[in-house]
Amino acid sequence: HEWRAMLESGKAASVAGLARELSLSRPYVTRILSLTTLAPDIVNALINGEEPSGLSLDKLVSGFPADWNEQKRFFNIKSA
């Protein structure tokens, strides 16, 4: 979320610029930034160790729906 805030505030002009500043690859930064759009229920499940079996960082960064309800179905997360 800090990286997203840097972009939104203008502290970082672009994802490419942010990646250079962090000494990381642009594709990596892009994938990690996508995680900031996860539904709060999913974030809470991950923080609490309640993610479904088989859910990995690779699966999280490989793409998921934008809609939070669709994300929960996609990742098989039960709503609280």
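This passage describes the nonpolar cores, the aromatic rings and one buried lysine of the structure. The model is predicted, so that local features need pLDDT of at least 70 and side-chain atom pairs count only at pLDDT 80 or more, whereas totals for chains, interfaces and linings use all residues. Residues are numbered from 1 along each chain as its sequence is written, and side-chain values use heavy atoms, with hydrogens and water left out.

The largest nonpolar core consists of nine residues, namely L38, A39, I42, A45, L55, L60, F64, F75 and I77; such a core is a set of buried Ala, Val, Leu, Ile, Met, Phe, Trp, Tyr and Cys residues joined through side-chain atoms within 4.5 Å, where buried means under 20% relative accessible area, exposed over 50%, and partly exposed in between (1.4 Å probe, protein chains only). A second, separate core has seven residues, among them M6, A19, V29 and L33.

Two aromatic pairs are present in the structure, a pair being rings of Phe, Tyr or Trp (its six-membered ring) with centres within 6.5 Å, counted as stacked with planes under 30 degrees apart, edge-to-face over 60 and tilted for the rest. The rings of F74 and F75 are edge-to-face, because their planes stand at 80 degrees, with the centres 5.0 Å apart. F74 is partly exposed, at a relative accessible area of 39%, while F75 is buried, at 3%, and both belong with F64 to one aromatic cluster.

K72 counts as buried at 12% relative accessibility, and its side chain is joined to that of D41 by a polar contact of 3.0 Å (a pair of N or O atoms within 3.5 Å; within protein, one must be able to donate a hydrogen and the other to accept it, and residues adjacent in sequence count only if both atoms are side-chain atoms).
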